[in-house]
Amino acid sequence: SFFRLFSFFSTFLFWLLTMTSSKNLRHDEKHLSDFDVFWLRNDAPENQMVIHFAFCMEKNVEMSVIDQYLDKWSMNYPRFRSKAVHRGGVRYDWVQQPDFTPLKYGIVEQVRLPQATQAALYNFISDVANEPLGRDNGMLWKVYRVDNVPWGGSMLFWRVHHCVCDGMALVTLIRSIFQDDFSADAEKAAMVAAKGTQRHRRSKAAKWLKLGKMVCPVLVGFGVGYGLLQLSLVASVAVGVTLMVAVMWGRPLWQVTKVVAGLRRPNTRTALWNKLSGKKTVGVVGDMVTVAAAKALAEAVSTKERRYTINDVLVGMVGGAFRRYFRDQGMNPDKMVLGCAVPVNIRSPKEEVRAENRFTLVFASLPVHLERAMDRVKYMHDCMEDIKKGFEPLAGVFLIKSLNYLPQFVMDRLVQFYCRNASMVVTNVNARDKPMRFAGTLVTDAYGWVPSAGGVGVGVSLVSYLGKLNIGLIADRNQIPNLSKLADCFRQEWKALNVELTGSKAAKPSN
């Protein structure tokens, strides 16, 4: 029985290694990957898996020009000219449409706001965000040119289903079309350049996977040799697997087991647990935070022993804003633990960014229970360091790929179960540090709204462009009825953060 137990362990271990190997995550333009299928199957009428981005244009761009640019751009990415066709089971294929043009398939649509106000703009985006994508033409992306906007130009509003690509890939792909000399060659050059400029820190889990692939054969070989001396082939395999598990896989297996078994992080039950209504509201907190000011705050509180990042300050601010929001709602946040899901890029540092999904989710806790802003920044710093050093990204990859092979009703229940680790999704995206242009027209600003799955209906997107940070908020109306109150809490928290961390009304950017 002892040897049978370790034989079972060996089968599970090598299956885990195969499931999480880079070979099984390879880019494929003909078939949807396990990640693509997972996000496609998680799409629900009350919680659509659609990424939204908005780019503010200095002036209007002709519809014919937009159609021409998008047609040429999509030629390099077959997914944007294809439909996802179900082949049975969990297999889906990308089927290219030979007669595809953006205009013919209704990809580009012109909309004029009834009033040139921010309220009218957010109402339009909210209404569109609640509409199913691809209902008429089967295509999983759409672009709106919105006219009569408050700043006098227009807006290019993108909707892309998450099964096409993740947020990082989408920003990189869209960024390639926003250049003066856009062409197929220029786009390829931009993609190669993006590969070298990614701010990516390889997770410890990825390093352990690589080391494990080198060391495991040696350990198994040692076990086989020892077992042969004992004239027992079963014993040889058992000893080899025992050494491999003990030396290489003890900690990652435990973390994977915790995630799969549903041993959750604490997440206090609040109004963010309310049942989804299927009606979402969007908003933007802008003209307030700059990347330079956030960097100045991080530098102001850093020491030689602890270097804080911009991300520590910003996510700490998110925790502080929700603390204010809960307090304004008559709740006591001092004893709360607010869970959030954070997307983690699993691409290697030298890997080219393609139209695909190469990320997983990890669960963190927002410091809504801490009163001092400095304590919240420290808390987020320690939390993110633990995630970088841990194996939760590996566990997330394993979990996503495993859930994908279950029947739809079983997967839905389990996704709901695991998503109770989080009350919201928080993501951070850099649109670009340099000015972007579309057909010669300057892009003046950029916004984004992250989707959510399961019963999670709240998303916070930190999108930076030209050194300015916009906070995109999206929430189900059953969970946050009045999004403007939450937006006010963000504005108050940023002011209070500056006062507490620097003792001044605003952080001065560092040179």
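## The pairing of β1 and β6

Strand β1, spanning residues 50-57, and strand β6, spanning residues 154-161, run antiparallel and are joined by eight bridges. One of the residue pairs can be named, since it helps to locate the register in the viewer: Met57 has Ser154 of β6 as its bridge partner. The model in which this pairing appears is a predicted one.

## The six-stranded sheet

The two strands belong to an open sheet of six strands, in which the order is β4-β5-β6-β1-β12-β11 and the pairing is mixed. At its edges stand β4 (108-112) and β11 (436-438), each of which pairs on one side only. On average, and with direction ignored, neighbouring strands of this sheet are turned by 35° against each other. In general, the strands of a sheet pair through backbone hydrogen bonds, and they may do so in parallel or antiparallel fashion.

Helix α4, made of residues 118-129, lies across several strands, namely β1, β4, β5 (141-147), β6 and β12 (441-449), and it runs at about 20° to β6.

## Salt bridges around Lys468

The structure holds 17 salt bridges, and two that can be followed from one residue are those of Lys468. The side chain of Lys468 meets that of Asp287 in a salt bridge, with N to O at 2.8 Å. Because Asp287 lies in strand β7 (residues 280-290) and Lys468 in strand β14 (residues 468-476), this pair ties together parts that are 181 residues apart in sequence. Asp287 is exposed, its relative accessible area being 70%.

Lys468 also meets Asp445 in a salt bridge, here with N to O at 2.6 Å. Asp445 lies in strand β12 and Lys468 in strand β14, so the parts tied together by this pair are 23 residues apart in sequence. Asp445 is buried, with a relative accessible area of 8%, whereas Asp287 is exposed.

## A buried pair and a network

Another salt bridge is formed by Arg376 and Glu493, whose closest N and O atoms are 2.7 Å apart. Since Arg376 lies in helix α11 (residues 373-389) and Glu493 in helix α14 (residues 483-502), the pair ties together parts that are 117 residues apart in sequence. Both residues, Arg376 and Glu493, are buried.

Elsewhere in the chain, salt bridges that share partners join Arg87, Arg91 and Asp93 into one network. As a general point, side chains of opposite charge can pair when their charged atoms come close.

## The covered helix α2

Helix α2, which comprises residues 34-41, is mostly covered, and eight of its eight residues are buried. These buried residues are Asp34, Phe35, Asp36, Val37, Phe38, Trp39, Leu40 and Arg41.

The elements that cover the buried residues of α2 include the strands β2 (82-88), β3 (91-96), β6 and β9 (359-366), together with the helices α12 (392-403) and α13 (408-418). Strand β6 therefore appears both in this cover and in the six-stranded sheet.

## The chain as a whole

The chain has 14 helices and 14 strands, and of its 511 residues 55% count as buried. Among the contacts that join residues at least 6 apart in sequence, 77% are between residues at least 24 apart. The chain exposes about 22700 Å², of which carbon and sulfur atoms supply 55%.

Definitions and conventions. Residues are numbered from 1 along each chain as its sequence is written. This is a predicted model: local features need pLDDT of at least 70, side-chain atom pairs count only at pLDDT 80 or more; totals for chains, interfaces and linings use all residues. Side-chain values use heavy atoms; hydrogens and water are left out. Two strands pair if DSSP finds at least two bridges between them. Helices (H or I, at least four residues) and strands (E, at least two) are DSSP runs, numbered from the N terminus. Axes are lines fitted to C-alpha atoms, for helices over the stretch in contact, and angles run from 0 to 180 degrees between N-to-C directions. Contact means heavy atoms within 4.5 Å. A salt bridge is a side-chain nitrogen of Lys or Arg within 4 Å of a carboxyl oxygen of Asp or Glu. Buried means under 20% relative accessible area, exposed over 50%, partly exposed in between (1.4 Å probe, protein chains only). Accessible areas come from the Shrake-Rupley method with a 1.4 Å probe; for residues, only the protein chains shown count as cover.
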